[in-house]
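Work through the exercises below with the model open. Try each task before reading its solution.

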Amino acid sequence: MGLQEEFEEYAEKAKTLPDSTTNENKLILYGLYKQATVGDVNTARPGFFNLKDKAKWDAWKAVEGKSKEEAMTDYITKVKQLLEEAAASTS
């Protein structure tokens, strides 16, 4: 399986993460996903009162400069880690 296929598979698996997944981890995944699919941030930072979008933009900006492949690999690794943690907490 190629990196792109594995990335798409884990993007689907990420949708099954439990509700208890922290916002911090969700933002990490969001930033890596955007970096892998779009590349470096290409929009202006949202306004002061738009906290949710600003946090998402900041998470994306934090991984700026990573290659598409590196962002995909980091995303897959993070989803695997979160799925393992979720499985361990339910057993």
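The exercises go from the overall fold to single side chains.

This is a predicted model, in which local features need pLDDT of at least 70, side-chain atom pairs count only at pLDDT 80 or more, and totals for chains, interfaces and linings use all residues. Residues are numbered from 1 along each chain as its sequence is written, and side-chain values use heavy atoms, with hydrogens and water left out.

**Exercise 1. Describe the fold of the protein chain.**

Step 1. Take the secondary structure: the chain has 4 helices and 0 strands. Helices (H or I, at least four residues) and strands (E, at least two) are DSSP runs, numbered from the N terminus.
Step 2. Read the order from the N terminus: α-α-α-α.
Step 3. Get the extent. The C-alpha trace spans about 40 × 30 × 15 Å along its principal axes.
Step 4. Look at contacts (heavy atoms within 4.5 Å). Of those between residues at least 6 apart in sequence, 71% join residues at least 24 apart.
Step 5. Find the buried share. Buried means under 20% relative accessible area, exposed over 50%, and partly exposed in between (1.4 Å probe, protein chains only). Buried residues are 30% of the 91 residues.

**Exercise 2. Classify the ring pair F7 and Y33.**

Step 1. Recall the descriptors: a pair of aromatic rings is described by the distance of the centres and the angle of the planes.
Step 2. Set the cut-offs. Rings of Phe, Tyr and Trp (its six-membered ring) pair if their centres lie within 6.5 Å; planes under 30 degrees apart count as stacked, over 60 as edge-to-face and the rest as tilted.
Step 3. Count the pairs: the structure holds 4.
Step 4. Apply the cut-offs. The centres of F7 and Y33 are 5.5 Å apart and the planes are at 20°, so this pair is stacked.
Step 5. Place the partners. F7 is in helix α1 (residues 3–14) and Y33 in helix α2 (residues 23–37), so the pair ties together parts 26 residues apart in sequence.
Step 6. Compare burial. F7, at 2% relative accessibility, is buried; Y33, at 34%, is partly exposed.
Step 7. Extend the network: ring pairs link F7, Y33 and Y75 into a cluster.

**Exercise 3. Find charges that sit over rings.**

Step 1. Use the criterion: NZ of Lys or CZ of Arg within 6 Å of the ring centre and within 35 degrees of the ring normal.
Step 2. Check K13. Its charged end sits over the ring of Y10, 4.5 Å from the centre.
Step 3. Check K34. Its charged end sits over the ring of W60, 4.8 Å from the centre.

**Exercise 4. Which residues touch the most other members of the largest nonpolar core?**

Step 1. Define the set: buried Ala, Val, Leu, Ile, Met, Phe, Trp, Tyr and Cys residues joined through side-chain atoms within 4.5 Å.
Step 2. Read off the members. Of 15 residues, F7, A14, L17, L29, A36, Y75 and V79 touch the most others.
Step 3. Assign elements. Helices α1, α2 and α4 (68–90) each give two or more residues. The largest share, 6 residues, comes from α4.
Step 4. Follow L17. Leaving out residues up to four places away in sequence, L17 touches L29, L82 and L83.

**Exercise 5. Is T21 buried or exposed?**

Step 1. Locate T21: the loop between α1 and α2.
Step 2. Check its accessibility. At 11%, T21 is buried.
Step 3. List its neighbours. Leaving out residues up to four places away in sequence, T21 touches K26 and L82.
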